[in-house]
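Work through the exercises below with the model open in your viewer. Try each task before reading its solution.

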Amino acid sequence: MASPEPPDVTPDARGVPSDLTQPPASVSHLRRYVSLRGPNVRMWMTAAYFSVGLTLGFLVVVGSMFWHVLREETTVGSVTLWAFAALVMFFIGPGSNVFLVRGLPQRITRQGISADSDGVTVLQERKWWFPGEGTFIAWPEIRRIREVHTGGRRVTYFIEFALDTIRTDPELPSWAETPESLDLEVDPEAATQFFVQVPRDRKEHILKMVERTAPLPAIVERSRPLRSRHA
């Protein structure tokens with residue numbers, strides 16, 4: 001979450017590195033939080049249950065195959081069929097578990113944006129073997145927090161963070177997007193610019209939270225469509 005020392009920056013870079021080595025100067029108060037957990041949590045849990053079911057099926061197939069082999073009730077053809085079925089179920093059952101077990105905690109953990117007297121934190125909380133991650137941004141660093149959206153018939157909503165300080169990719173949340181990753185125009189006035197996708201019904205909650213907590217509520221800007229760099 002915090003870098004041990006400020007990152008190296010090229011001389012012609014705009015802004016200065018964020019000093020992530022110092023704790024907040026005051027005791028945080030007025031803490032507010034907006035959750036960003038969405039419907040994908042249910043999808044990941046369904047996939048996990050499905051994978052567990054396939055794993056149990058794989059064990060049943062393998063157990064049945066060995067049972068019939070030991071009782072000498074099989075032929076070469078039936079053993080081949082059982083082995084093929086076991087191999088297929090292994091890849092879509094236990095094989096998929098490796099991927100799911102590694103990434104499931106991060107996909108279903110509580111995540112969101114919080115604001116207090118010191119600044120804003122974009123975070124994913126710790127869950128099981130996922131250690132959690134978060135990025136704290138002090139109020140003086142923030143140039144603009146804005147709701148933006150992309151797309152035509154299928155609109156995707158984001159909260160944009162434009163900073164006057166430089167943040168490297170490792171200092172940003174892994175689930176944040178950059179203008180380059182979204183193929184959007186880069187703000188030349190911002191030292192760092194990143195986007196967090198939010199549900200439509202949560203974007204206004206976040207903006208109001210920031211307005212009620214920030215020393216300068218004017219940093220909040222309302223909806224604006226974004227254009228592709230190639231538009």
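The exercises go from the whole chain to single side chains, and the model is a predicted one.

**Exercise 1. Overall layout**

Task: State how many helices and strands the chain has, and in what order the elements run.

Solution:
- Step 1. Count the elements: there are 4 helices and 10 strands.
- Step 2. Read them from the N terminus: β-β-α-α-α-β-β-β-β-β-β-β-α-β.

**Exercise 2. Burial, surface and contacts**

Task: Find what share of the residues is buried, how much area the chain exposes, and what share of the contacts links residues 24 or more positions apart.

Solution:
- Step 1. The chain has 231 residues, and 39% of them count as buried.
- Step 2. The exposed area is about 14100 Å². Carbon and sulfur atoms supply 58% of that area.
- Step 3. Take the contacts with a separation of 6 or more; residues 24 or more positions apart account for 65% of them.

**Exercise 3. The pair F158 and F195**

Task: Classify the aromatic pair of F158 and F195 and place it in the chain.

Solution:
- Step 1. The structure holds 3 aromatic pairs. F158 and F195 form one of them, at 6.2 Å centre to centre with 80° between the planes.
- Step 2. Planes over 60 degrees apart count as edge-to-face, so this pair is edge-to-face.
- Step 3. F158 sits in strand β7 (residues 156-163) and F195 in strand β9 (residues 192-197). The two are 37 residues apart, and the pair links distant parts of the chain.
- Step 4. Check the accessibility: F158 and F195 are both buried.

**Exercise 4. The pair F161 and F194**

Task: Classify the pair of F161 and F194 and say which strands hold its rings.

Solution:
- Step 1. The ring centres of F161 and F194 are 4.9 Å apart, with 10° between the planes.
- Step 2. Planes under 30 degrees apart count as stacked, so this pair is stacked.
- Step 3. F161 lies in strand β7 and F194 in strand β9, so the pair ties together parts 33 residues apart in sequence.
- Step 4. Both F161 and F194 are buried.

**Exercise 5. A charge over a ring**

Task: Which ring does K127 lie over, and at what distance from the ring centre?

Solution:
- Step 1. K127 lies over the face of W128.
- Step 2. The distance from the ring centre is 5.0 Å.

**Exercise 6. A nonpolar patch**

Task: Name the residues of the nonpolar surface patch, then locate V52 and judge its exposure.

Solution:
- Step 1. V52, L56 and L59 make the patch, with an area of about 280 Å².
- Step 2. V52 belongs to helix α1 (residues 40-70).
- Step 3. The relative accessible area of V52 is 42%, and V52 is partly exposed.

Note on methods
Residues numbered from 1 in each chain as written. Predicted model: local features only at pLDDT ≥ 70, side-chain atom pairs only at ≥ 80, totals over all residues. Heavy atoms only, no water. Phe/Tyr/Trp six-rings, centres within 6.5 Å; stacked < 30°, edge-to-face > 60°. Buried < 20%, exposed > 50% of the residue type's maximum accessible area, 1.4 Å probe, protein only. Lys NZ or Arg CZ within 6 Å of the ring centre and 35° of its normal. Patch = residues over 30% accessible without salt bridge, like charges linked within 9 Å, V, L, I, M, F, W, Y side chains within 5 Å. Areas by Shrake-Rupley, 256 points an atom, 1.4 Å probe, with all protein chains shown as cover. Salt bridge = Lys/Arg side-chain N within 4 Å of Asp/Glu carboxyl O. Contact = heavy atoms within 4.5 Å.
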